[in-house]
Amino acid sequence: MSDRSAIEWTEATWNPVTGCTQLSPGCANCYAKRFAERFRGVPGHPYEQGFDVVLRPERLEQPLKWKRPRTIFVNSMSDLFHEEVADSFVAEVFGVMESAHWHKFQVLTKRPERAAVLAPSLPWPENVWLGVSVENQRWTTRIDELRAIDASVRFLSCEPLLGPLDLDLEGIHWVIAGGESGPRARPMRPEWARSVRDQCLTAGVPFFFKQWGSHDASGVRMSKKAAGRLLDGRTWDQEPLRRGEG
């Protein structure tokens, strides 16, 4: 767990599960896998098993020890709804989030169909948000699964944004968009990001532009820091509205 995160849309990370498997095009250059696999086989290292799925029950109570409220990204190094994570362990994670009511927890998944199956048996307190990754039009189907789940904040992570999106934002409370970073990053076209922003503005959904990634708006390769996060001359750091707000 880290009480500070470089991820622009959160404050901290909590990883009661680590490791995952590739599921869709957005996974191709996964930063978490790239990081974890560097340590495969290193005795005693937390990622001795690389990016294999590992449950870490010893980390379950970590958020309860943080008394100052934080916004916490759950499983930045995994997917809580991965098929190798037992139903009972998912329930334990949700139990901790319910108990740590002073924090806000951001659960992001590429497997909303499993989340929808488990949802009726899980608590959904106001401090638990649920999001899905939507990297291109093919995977907008995840939004329909998300809409069926009674989370107080439902959000989309359109990162890495790999193509144009035509979004149905009914029942969605927040949208994050951004380009890919890393050594094999694929460029994001400005018109794709602008379209997502404009659809959010039209629908009254808060929009957060995270980054251009490893290419600037012209497609020139550069560092993530140099490319920055200005979209049309300004930052977009809007925060989500809970249902019934706004």
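Reader: Which strands are included in what covers the buried residues of helix 5?

Author: The model is a predicted one, in which local features need pLDDT of at least 70, side-chain atom pairs count only at pLDDT 80 or more, and totals for chains, interfaces and linings use all residues. Residues are numbered from 1 along each chain as its sequence is written, and side-chain values use heavy atoms, with hydrogens and water left out. In helix 5 (helices, H or I of at least four residues, and strands, E of at least two, are DSSP runs numbered from the N terminus), Pro190, Trp192, Ala193, Val196, Arg197, Gln199 and Cys200 are buried, where buried means under 20% relative accessible area, exposed over 50% and partly exposed in between, with a 1.4 Å probe and protein chains only. Judged by contact, meaning heavy atoms within 4.5 Å, the cover of these buried residues includes strand 8 (174–178) and strand 9.

Reader: How far apart are the end C-alpha atoms of helix 5?

Author: The expected span of a helix is 1.5 Å times one less than its number of residues. Helix 5 has 14 residues, 190–203, and should therefore span 20 Å. The end C-alpha atoms agree with this, being apart by 20 Å.

Reader: Is leucine 156 buried or exposed?

Author: Leucine 156 belongs to strand 7 (residues 153–158). Beyond its neighbours within four places in sequence, leucine 156 has contacts that include Val132, Ile143, Leu167 and Trp174. Because its relative accessibility is 0%, leucine 156 counts as buried.

Reader: How many disulfides does the count come to?

Author: A disulfide is a pair of cysteine sulfur atoms within 2.5 Å. The sulfur of cysteine 30, a partly exposed residue at 24% relative accessibility, is 6.6 Å from its closest cysteine sulfur, in cysteine 27, and so is too far for a bond. Cysteine 158, buried at 0%, is likewise unbonded, because its sulfur is 7.5 Å from the closest one, in cysteine 200. By this rule the count is 0.

Reader: Which element gives the largest share of the lining of the largest pocket?

Author: On a 1 Å grid over the protein atoms alone, a pocket is an open set of points with protein on both sides within 12 Å along at least five of seven lines, and lining residues have an atom within 4 Å of a point. The largest pocket has a volume of about 890 Å³, a volume being the space filled by probe spheres set on points joined across faces, edges and corners. Of its 39 lining residues, Cys30, Tyr31, Ala32, Ser76 and Glu159 are the closest to the centre. The largest share, 3 residues, comes from helix 1.

Reader: Which residue does a cis peptide bond join to glutamate 159?

Author: Omega of this bond is about -5°. The partner lies in the loop between strand 7 and strand 8. The residue joined to glutamate 159 is proline 160.

Reader: What is the phi of asparagine 75?

Author: Asparagine 75 is placed in the loop between strand 4 (71–74) and helix 2 (87–99). Asparagine 75 counts as buried because its relative accessibility is 1%. Although asparagine 75 is not a glycine, its phi is positive, about 60°.

Reader: What is the phi of aspartate 232?

Author: Aspartate 232 lies in the segment after helix 6 (224–227). At 43% relative accessibility, aspartate 232 counts as partly exposed. Aspartate 232 is not a glycine, yet its phi is positive, about 55°.

Notes:
1 Å grid on protein atoms, 1.4 Å probe; cavity = no way out; pocket = protein on both sides within 12 Å on 5 of 7 lines; lining within 4 Å.
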